[in-house]
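Work through the exercises below with the model open. Each task is followed by a stepwise solution.

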Amino acid sequence: MENTTEMVSFVLAMYGNMGLLKYLYFIVTMLFYILVIFANTILVAIIYVDRNLHEPMYLFLCNLFVNEIYGSTSMLPCLMVQILSETHEISAFHCFLQIFNIHTYVAIEFGTLTIMAYDRYICICKPLHYNVLITKRIVQQVILVIWVVSFIEVGVLLSFTIHLKRCGTVINKVFCAHHLVVELSCSSDRTVSLIHDLVFGLIFTVAAPVSYISFTYVKILAVCLKGSRETRMKAFDTCTPHFISLISLVFACFYSLIAQRFDMFSVPYPLCVFLSIYVVIIQPLQNPIMYGLKLSKIRHACKTLLTLKPLQPYIFMESI
């Protein structure tokens, strides 16, 4: 029976023998990563530069985009390294760091979507109270709390897992998954880690936010049915990207939960790999695209930025 101090690395067994296709997979993954970084960075910069976007809703969006960069960076660079690797080994330190980053990314994502749902609920259902309940200072404090609580929650989760004794090193995944690392344990006290994973990982991180968001949507729908066409259109424009983002995230978490606990031999191998990394590829790419195209203020700010760039040399020459 080996102790965790002797366990210096794990083997990610789901890569298999890709042959020369590994170079194609590497290029595709790199392009996805570049797109994610570019799309989210552009929108963060636009929100930062344009003072008209210094409103609570756009500050929440800015936090969401920063988190997309954080989430994709937690996995995709490592994924690219592993694709080109011959052994597919990952050190124990980097494995636990990846687990920490992925779990905090998901927790922050759900936390941000939850507070955005509250923001929309107050804006649509209680508009007269909006400027009192939702201020820039409150938004900044809430965002800080989301990050700190997520880091503490996942840190406590890993504190149990790191000290477990393990009898194996093979993880049947393309990245380090907490549940599979716990499954490698031959220690009798792994129940604590599994219960913590269930209570904090599933109930507090996923079930509680989804339940509250569902409640806000019911309230918003009730107001829209009684309200004017303008109210319905406003709710539709701001809630549609949020709803799609939530459904996408819940789907990714649900698949991950099922795949880690049941045999998925009936699912084609390429599809299984894609779905396992769905949350850090599609989610970080679809959010900036949806919000960038759907929200008129962001679209206008993007157009302004693009039209100003070609005019800058002309303006400069005129000033001379």
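Buried means under 20% relative accessible area, exposed over 50%, and partly exposed in between, with a 1.4 Å probe and protein chains only. The model is predicted: local features need pLDDT of at least 70, side-chain atom pairs count only at pLDDT 80 or more, and totals for chains, interfaces and linings use all residues. Residues are numbered from 1 along each chain as its sequence is written, and side-chain values use heavy atoms, with hydrogens and water left out.

**Exercise 1. Classify Ser185 as buried or exposed, and find its side-chain partner.**

Step 1. Locate the residue. Ser185 sits in the loop between α6 (178–183) and α7 (190–226). Helices here are DSSP runs of H or I with at least four residues, strands are runs of E with at least two, and both are numbered from the N terminus.

Step 2. Apply the cut-off. Ser185 has 9% relative accessibility, so it counts as buried.

Step 3. Find the partner. The Ser185 side chain reaches the backbone oxygen of Lys165 at 3.0 Å. The polar-contact limit is 3.5 Å between N or O atoms; within protein, one must be able to donate a hydrogen and the other to accept it, and residues adjacent in sequence count only if both atoms are side-chain atoms.

**Exercise 2. Analyse His88: what is its phi, and is it buried or exposed?**

Step 1. Place it. His88 lies in the loop between α2 (56–84) and β2 (89–91).

Step 2. Read the backbone. Phi is positive, about 60°, although His88 is not a glycine.

Step 3. Check burial. His88 counts as buried because its relative accessibility is 9%.

**Exercise 3. Test the length of helix α5 against its expected span.**

Step 1. Set the rule. The expected span is 1.5 Å times one less than the number of residues.

Step 2. Apply it. Helix α5 (residues 136–162) has 27 residues, so it should span 39 Å.

Step 3. Compare. The end C-alpha atoms are 39 Å apart, which agrees.

Step 4. Mark the buried positions. Among them are Val139, Ile143, Ile146, Trp147, Ser150, Val154, Leu157 and Thr161. An α-helix has 3.6 residues a turn, so residues three or four places apart point the same way.

**Exercise 4. Describe the surroundings of Ile122.**

Step 1. Ile122 belongs to helix α3 (residues 92–125). Its relative accessible area is 2%, so Ile122 is buried.

Step 2. List contacts, meaning heavy atoms within 4.5 Å. Leaving out residues up to four places away in sequence, Ile122 touches Pro127, His129, Tyr130, Leu133 and Ile134.

Step 3. Look further along the chain. Ile122 and Ile220 are 98 residues apart in sequence, yet 9.2 Å apart C-alpha to C-alpha.

**Exercise 5. Which residues line the largest cavity?**

Step 1. Fix the term. On a 1 Å grid over the protein atoms alone, a cavity is a set of points where a 1.4 Å probe fits but cannot get out; lining residues have an atom within 4 Å of a point.

Step 2. The lining consists of Met57, Leu61, Met116, Arg120, Thr238, His242, Tyr291 and Leu295.

Step 3. Assign elements. α2, α3 and α8 (229–261) each supply at least two lining residues.

**Exercise 6. Summarise the whole chain: how many helices and strands are there?**

Step 1. Count elements. The chain has 11 helices and three strands.

Step 2. Assess burial. Of its 320 residues, 46% are buried.

Step 3. Weigh contact range. Among contacts with a separation of 6 or more, 80% join residues 24 or more positions apart.

Terms used: On a 1 Å grid over the protein atoms alone, a cavity is a set of points where a 1.4 Å probe fits but cannot get out, and a pocket is an open set with protein on both sides within 12 Å along at least five of seven lines; lining residues have an atom within 4 Å of a point.
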